Amino acid sequence: MSKQISFLHAADLHLDSPFKGLARIPEEIFKEVQESTFIALDRLVNVAINKQVNFVLLVGDLFDNEKQSLKGQIHLRDAFEKLKRHHIYVYLSYGNHDYLNGNHYPITYPENVFTFQQETIQHFLYEQNGETLASIYGFSYENRAVHDNKAIEFPELNDAIPFHIAMLHGSLQSNTEHDVYAPFQLSDLSKQHFDYWALGHIHKREILSVNPPIIYPGNIQGRNRKESGEKGCYHVVLNEVGAATTSFIPLQALCFENVSVDISECDQPHQLEIAIQHALVEQYHNLGPILVSLTLTSTNPEHQQWETDGILTDIVELLNESARQQTNWFYIYTCIINITTSLADTTLAKGEHFLGELVRHAEEASIQPFMKELYQHKQARKYLPSLSDEEQETIKNEAQQYLMRELLYNGGE
């Protein structure tokens, strides 16, 4: 009979995440948000039990920072105790957020938990009924950053063991969207004979390779607008013939979603309310509770006055109040409007006048010089995330629209 094992692969739990930027949402909703990482962990445990897996892999950043709260530690220990009662093992490593030399409480985990306790590659053997079925390899960050290519340090494999699994909290050398730690090239992984590469650190799930499986599961709970959509883990089944079956399982307690609605055809405020409601219900009604970052687009310049007069704010408040009464609630925590008119079209950009010069300059300018002083501020820079190219472009476009609107409609006052 062919041997096989099954396990869950999760990473980046970020228990006790502070959820920065959400302080203005209602207190009762914020409490749900604060509990979301723990709910996602509980769902992970329940999935492991229901799937009757052999073990669970947790690949780094179990906690949001090195100062791990007592609440987070105890909740995780209790989760491990529940898994123990169902004879499920846990293999875990620590990453750049919860590195070993950080400040953590001395909570003792049960004996079904195996922790990689150093930056040198180690391995644990998984046995069942006296037979060794798998060897699980990995390491933990001792300090905040690992800059070496750990992928090339994994050892030669013992062919007598049926399955070999590698745990790696790190990123591709070519990644430009995140801080690059334990950098590797895809070929560093694929040329080795592991049956599965369990990755962590990147919060967006991605299958880098099918054969062998090289997978980022993403985090188990989104924490901001950049981490939108379903979040969860992978259920993996390996068998001796070399086949691997992988399936994504959502775990999130709530979703962050970036929603764009075209309101160009809305002549009356009540039509705006209907358009937004329809977009949210139509697209996201199956996701459960969602926090919405809403962008309204329009070619009607009169809609800018709706924003000035507070009509947009009133509509959003009405929608939020109604939605909060539902089980699968949504809450619009930020709303912006983008008016695209002939103000910045190619005709205006070609004009030999001040507005033409302004449009041309805006297209070529970078916001970096204007942000430099803020990001170099000793206190402010601690709380400022890096801006993606898309976010920088959005800021630039909003600034251009504001200037054009003030010059043409408000006389520059």
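Visitor: Where is Asn96 found: in which loop, between which strands?
Guide: Welcome! This is a predicted model, and the strands on either side of Asn96 help to place it. One of them is β3 (89–93) and the other is β4 (113–115). Asn96 is found in the loop between β3 and β4.

Visitor: Is Asn96 buried or exposed?
Guide: A residue counts as buried when its relative accessible area is under 20%. For Asn96 that area is 7%. Because 7% falls under that cut-off, Asn96 is buried.

Visitor: Which side chains make a polar contact with the side chain of Asn96?
Guide: Two histidines answer this one. A polar contact of 3.3 Å joins the side chain of Asn96 to that of His201. Another, of 3.0 Å, joins it to the side chain of His169.

Visitor: Leaving aside its neighbours within four places in sequence, which residues is Asn96 in contact with?
Guide: Contact here means heavy atoms within 4.5 Å. His169 and His201, already met as polar partners of Asn96, are among the residues in contact with it. The full list is Asp61, Tyr141, Arg144, His169, Tyr181 and His201.

Visitor: How many salt bridges does the structure hold?
Guide: Let us start with some examples. Arg77 forms one with Asp78, their closest N and O atoms being 3.3 Å apart. Glu28, Glu321 and Arg324 are linked in a network of salt bridges. For the structure, the count is ten.

Visitor: How many residues apart are Glu131 and Lys3?
Guide: The side chains of Glu131 and Lys3 meet in a salt bridge, at 3.4 Å from N to O. Glu131 sits in strand β6 (residues 131–138), while Lys3 belongs to the segment before β1 (4–10). The pair therefore links distant parts of the chain, 128 residues apart.

Visitor: Are Glu131 and Lys3 buried, partly exposed or exposed?
Guide: The class between buried and exposed runs from 20% to 50%. Glu131 has a relative accessibility of 36%, and Lys3 has a relative accessible area of 26%. Because both values lie in that range, Glu131 and Lys3 are partly exposed.

Visitor: Which parts does the salt bridge of Asp64 and Arg223 tie together?
Guide: The side chains of Asp64 and Arg223 meet at 2.8 Å, N to O. Asp64 lies in the loop between β2 (55–59) and α2 (70–85), and Arg223 in the loop between β10 (214–216) and β11 (232–239), so the pair ties together parts that are 159 residues apart in sequence. Both residues are buried. The parts tied together are thus the β2–α2 loop and the β10–β11 loop.

Definitions and conventions. Residues numbered from 1 in each chain as written. Predicted model: local features only at pLDDT ≥ 70, side-chain atom pairs only at ≥ 80, totals over all residues. Heavy atoms only, no water. Helix = DSSP H or I, 4+ residues; strand = E, 2+ residues; numbered from the N terminus. Buried < 20%, exposed > 50% of the residue type's maximum accessible area, 1.4 Å probe, protein only. Polar contact = N/O pair within 3.5 Å; in protein donor to acceptor, adjacent residues only side chain to side chain. Salt bridge = Lys/Arg side-chain N within 4 Å of Asp/Glu carboxyl O.
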